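Reader: I have a model open in front of me. Show me how to read it, please.

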Amino acid sequence: MTQISVRVDGAAYSDDVEPRTLLVHYLREQLGKVGTVVGCDTSNCGACTVHLDGEAVKSCTVLAVQADGSEVTTIEGIASNGTLHPMQKAFHEMHGLQCGFCTPGMIMASIDLVNDNPNPSDDEVREGIEGNLCRCTGYQNIVRAVQQAAAEMSGGSTASETLGAQA
Amino acid sequence: MIPAAFAYARPTTIDEALQAVASGGEDVKIMAGGQSLIPVMRLRLAAPETVVDLIKVAELRGVREEEDAIVIGAMTTHSDVLSDPLIARYAPLIAEATETVADRQVRHRGTFGGALAHADPAGDLPAVALALDAEFVIAGLAGRRTVPAAEFFVDYLTTALEEGELLVEIRVPKLHGTWGMHYEKFNRVAQAWSIVAVAALVRREGARIAEVRVGLTNMGPTPLRAAGVEAALVDVEATPEAVAAAAAHAAEGTTPSSDLNAQADYREHLAIVLTRRAVTVAAGL
């Protein structure tokens, strides 16, 4: 066992973990942060995406011991005082999901993308979330959601109003 | 899927890392970004006794400039490569190929040196390093040595790194003259490995192509230089016809594999087509 100290969604934790424990299993099983899901377990699908020191990573491909001394943000930590993060709100409003299983990872990857590129084009969104798979083929509305959120996050222009979600 | 149990060491200096590797037992794996190693450990294709994690070895990160080369620390992440001004200025081919590696999340963790030391024939960076005539600085307990790219890649997933050694940094010589570069990759879907890819560098002198270097990804167990193409493009007029005629030599001397993605003869065809495209772009035609 190795002791780690890590901040997750703003709270400090100190735990003993086996070196082989994957970050996603630590989050889910030791901290109960089940909002972060395991999709493929092969580093492909991106459903387990969280932010490690501000950068999106696949938490099935990081060891929990590697998060020692770091700040982890999961899907459970991005709303503030009951107000959804603009990316969560946009996925809701644009209906950027069908079954919802990929959504936590999609949202965390999309926030990371918009942090780097505040006004991504349609193609840039699609490339930016290439590490996240949606098996319901809901990509159209996901792209719309990311662009709406990007507009709101960068100061609230209305560039995405004309896009609209398909009813 | 959970990796088999292992002992974990997290050194903070190169010397500590070498000591940890030396004292780690029979089966030690050095972990860079872990984006290839953790997946194979999850599948238990690898079950090392000890993992030596380089993530906290700060001296292995970053890019610096020397008089005749830029020097890339082995633990510099793909994301850092993409935003590095020295790479953008002296070796934009590295950034262009790195942009095609996996996806954003993997590029945040995965490292330049890790990808090279892993030496997957379908990986994008080995052929780029080979085409750039990069040099590999390797540290061991007995000291350091430098290995040219042409000798670094030995076989499938096998490099000149000996047991107990560590890839420390990669020296990329500065190019002189007017060079164009391009990485042309063919893959099935986003984040898939290259079926075949071609790294091309072209030095122009006015209306002529003075010299060309071509690196091939996934045309054998190691990255290869397309020597026949290079020989056909020494001091020739820069025309699409000359490039196409030279590219026809791209598959000479290669030994591509057949797998679910492509048969060997299709890979040979791809090498020719992609070489023509890559050299055409790099030559500014």
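**Fold and contact**

Author: Start with the order of elements. This is a predicted model. Read from the N terminus, chain A goes β-β-α-β-β-β-α-α-α-α.

Reader: How many helices and strands does chain A have?

Author: Count the runs of each kind. Chain A holds five helices and five strands.

Reader: What radius of gyration does chain A have, and what would a compact globule have?

Author: Compare the value with the globule rule for the chain length. For 167 residues, a compact globule would have a radius of gyration near 15 Å. Chain A has 16 Å, so the value agrees with the rule. The C-alpha trace of chain A spans about 55 × 30 × 25 Å along its principal axes.

Reader: What share of chain A is buried?

Author: Burial goes by neighbour count: 20 or more other C-beta atoms within 10 Å. In chain A, 49% of the 167 residues are buried.

Reader: What share of the contacts in chain A joins residues 24 or more positions apart?

Author: Take contacts with a separation of 6 or more. In chain A, 57% of these link residues 24 or more positions apart.

Reader: Now the contact between chains. How many residues does each chain give?

Author: Chain A gives 24 residues and chain B gives 24 residues. On the side of chain B that touches chain A, helix H2 (37-42), strand S3 (50-53) and helix H6 (104-109) each supply at least two residues. H6(B) gives the most, with five residues.

Reader: Which kinds of residue make up that side of chain B?

Author: Sort them by class. The side of chain B that touches chain A has 14 nonpolar, five polar and five charged residues.

Definitions and conventions. Residues numbered from 1 in each chain as written. Chains lettered and ligands numbered in written order. Predicted model: local features only at pLDDT ≥ 70, side-chain atom pairs only at ≥ 80, totals over all residues. Contact = placed C-beta atoms within 7 Å. Helix = DSSP H or I, 4+ residues; strand = E, 2+ residues; numbered from the N terminus. Nonpolar A, V, L, I, M, F, W, Y, C, P; charged D, E, K, R; others polar. Rg over C-alpha atoms; globule rule 2.2 N^0.38 Å. Buried ≥ 20, exposed ≤ 12 C-beta atoms within 10 Å, placed from the backbone.
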